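Please walk through this structure with the sequence at hand. The text below takes up its cysteines, a helix and a pocket in turn.

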Amino acid sequence: MTKCEFFTENDRITGFSVSGHSGYAEAGADVVCAAVSAVVTMAEATINDVCGAKAKVRVKDADARVTLTLPASCDEEESVQAVLAGMLLTLCSLRDDYPDYIEVLEV
């Protein structure tokens, strides 16, 4: 199962961690993992490369984990929060479609 955790503080999403493999299908044919990977990649690229937020990104291949942590503040805060809210909604939609393969938590 893929676990998606969103970290919040005072109604601000401060980052996320996505880990694990969904187990929906064999590697290379797993549409759930592919969708989650696309969402994570789009969010990270938009936050850092488009908005310039300078978020810290850690990738742990052994755990199949990607963690993104925002700085305490950034110039494009409203845009960054919109990207993260869209990411959360997209992953919740995937969870609703594939509840046995993806979990989404706000912590």
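The sulfur of Cys33 lies 9.8 Å from the closest cysteine sulfur, that of Cys4, which is too far for a bond. Cys33 is buried, with a relative accessible area of 17%. The model is a predicted one. Cys4 is also buried, and its relative accessible area is 0%. For the sulfur of Cys4, the closest cysteine sulfur belongs to Cys92, 8.7 Å away, again too far for a bond. A disulfide is a covalent bond between the sulfur atoms of two cysteines, and a pair counts here when the sulfur atoms are within 2.5 Å. A search of the whole structure finds zero disulfides.

Cys92 leads to helix α2, where it is among the buried residues. This helix covers residues 77-97, 21 residues in total, and reaches 30 Å from its first C-alpha to its last, close to the expected 30 Å. Also buried in α2 are Val80, Gln81, Val83, Leu84, Met87, Leu88, Leu91 and Leu94. An α-helix has 3.6 residues a turn, so residues three or four places apart point the same way. Against which elements do the buried residues of α2 pack? They pack against the strands β1 (2-9), β2 (12-19) and β5 (102-106), and against helix α1 (31-50).

The largest pocket has a volume of about 220 Å³. Its lining consists of 16 residues, and Val18, Gly20, Ser37, Ala64 and Val66 lie nearest its centre. Two or more lining residues come from each of β2, α1, β3 (56-60) and β4 (65-69). α1 gives the most, with five residues. By type, the lining of this pocket divides into seven nonpolar, six polar and three charged residues.

Definitions and conventions: Residues numbered from 1 in each chain as written. Predicted model: local features only at pLDDT ≥ 70, side-chain atom pairs only at ≥ 80, totals over all residues. Heavy atoms only, no water. Helix = DSSP H or I, 4+ residues; strand = E, 2+ residues; numbered from the N terminus. Expected span 1.5 Å × (residues − 1). Buried < 20%, exposed > 50% of the residue type's maximum accessible area, 1.4 Å probe, protein only. Contact = heavy atoms within 4.5 Å. 1 Å grid on protein atoms, 1.4 Å probe; cavity = no way out; pocket = protein on both sides within 12 Å on 5 of 7 lines; lining within 4 Å. Points joined across faces, edges and corners; volume = space filled by probe spheres on them. Nonpolar A, V, L, I, M, F, W, Y, C, P; charged D, E, K, R; others polar.
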